[in-house]
Amino acid sequence: MFDYDSLKKTATQLITKFGTSATITRDSGRRFNPATGHYFTGLTESFSVKAVRTQFNAFEKAGDNIKDDDIRLLVQSGVTAPIINDTLTFDSVTYRVMSVATESPSGTDVFYDIQCRS
């Protein structure tokens, strides 16, 4: 059986070496305050990751899902799995995560291929 953990390690090393820092921010939902008896929102969680910017190919751009200003990022695994509607700050620009493809052979998340929109 193939050791996908070594593949994950290699992908993380390459993304770390050639990528740059990015921040994933997620709305952490609503919480209950027992002192007031009310729910409150506006809480966020932030995760620091490394990411590499790549390009969409002509076939991918031919469909309706990819807009001209969308960017594609390869993000390291092991910190958090990005989800749709997270925000991702990369090169001082904040993007909304539109789609996430997880490269995950045999259940080992190697990296995340993310479509982002400003």
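**Exercise 1. Contacts along the chain**

Task: In this predicted model, work out what share of the contacts with a separation of 6 or more comes from residues 24 or more positions apart.

Solution:
- Step 1. Keep the contacts in the protein chain that have a separation of 6 or more; residues 24 or more positions apart account for 53% of them.
- Step 2. Set this beside the order of elements, which from the N terminus reads α-β-β-β-β-α-β-β-β-β. That comes to 2 helices and 8 strands.
- Step 3. Add the overall dimensions: the C-alpha trace spans about 50 × 40 × 25 Å along its principal axes.

**Exercise 2. Surface and charge**

Task: Find what percentage of the residues is buried, and describe what the chain exposes.

Solution:
- Step 1. Of the 118 residues in the protein chain, 29% are buried.
- Step 2. The exposed area is about 7500 Å², and carbon and sulfur atoms supply 50% of it.
- Step 3. For charge, count 13 positive and 14 negative side chains; the centres of these two sets lie 4 Å apart.

**Exercise 3. The nonpolar core**

Task: Name the residues with the most contacts inside the largest nonpolar core, and say which strands each supply at least two of its residues.

Solution:
- Step 1. The largest nonpolar core has 15 residues, and those with the most contacts inside it are Leu-73, Val-75, Leu-88, Phe-90, Ile-114 and Cys-116.
- Step 2. At least two core residues come from each of S1 (20-27), S4 (44-54), S5 (71-76), S6 (87-90), S7 and S8.
- Step 3. As background, nonpolar side chains tend to be buried together in soluble globular proteins.
- Step 4. Now pick out Leu-88. Beyond residues up to four places away in sequence, Leu-88 touches Ala-22, Thr-23, Ile-24, Leu-73, Val-75, Val-93, Thr-94, Tyr-95, Val-97 and Ile-114.

**Exercise 4. Strand S6 and its partners**

Task: Decide which side chains of S6 are buried, then trace how S6 is joined to S1 and to S7.

Solution:
- Step 1. The side chains of S6 alternate: buried Leu-88 and Phe-90 point to one face, whereas Thr-87 and Thr-89 point to the other and are not buried.
- Step 2. S1 and S6 run antiparallel and are joined by 4 bridges. Here Ile-24 stands opposite Leu-88.
- Step 3. S6 and S7 are also antiparallel, with 4 bridges joining them. In this pair Thr-89 stands opposite Thr-94.
- Step 4. Look at the turn: S6 and S7 form a hairpin with 2 residues between them, and Asp-91 in that turn has a positive phi of about 50°.

**Exercise 5. Strand S8**

Task: Explain why S8 can be called largely enclosed, and list its antiparallel pairings with S5 and S7.

Solution:
- Step 1. Count the buried residues of S8: they number 5 of 7, so the strand is largely enclosed by the rest of the structure.
- Step 2. On the S5 side, 6 bridges join the antiparallel strands, and Arg-72 stands opposite Gln-115.
- Step 3. On the S7 side, 7 bridges join the antiparallel strands, and Thr-102 stands opposite Tyr-112.

**Exercise 6. A threonine in a loop**

Task: Is Thr-108 buried or exposed, and which residues does Thr-108 contact?

Solution:
- Step 1. Locate Thr-108 in the loop between S7 (93-103) and S8 (111-117).
- Step 2. Its relative accessible area is 17%. Buried means under 20%, so Thr-108 is buried.
- Step 3. Set aside neighbours within four places in sequence, and Thr-108 is in contact with Tyr-4, Asp-5, Lys-8 and Glu-103.

Technical notes: Residues are numbered from 1 along each chain as its sequence is written. This is a predicted model: local features need pLDDT of at least 70, side-chain atom pairs count only at pLDDT 80 or more; totals for chains, interfaces and linings use all residues. Side-chain values use heavy atoms; hydrogens and water are left out. Buried means under 20% relative accessible area, exposed over 50%, partly exposed in between (1.4 Å probe, protein chains only). Contact means heavy atoms within 4.5 Å. Accessible areas come from the Shrake-Rupley method with a 1.4 Å probe; for residues, only the protein chains shown count as cover. Lys and Arg count as positive and Asp and Glu as negative; His and the chain ends are not counted. The place of a charge is taken as NZ of Lys, CZ of Arg, CG of Asp or CD of Glu. A nonpolar core is a set of buried Ala, Val, Leu, Ile, Met, Phe, Trp, Tyr and Cys residues joined through side-chain atoms within 4.5 Å. Two strands pair if DSSP finds at least two bridges between them.
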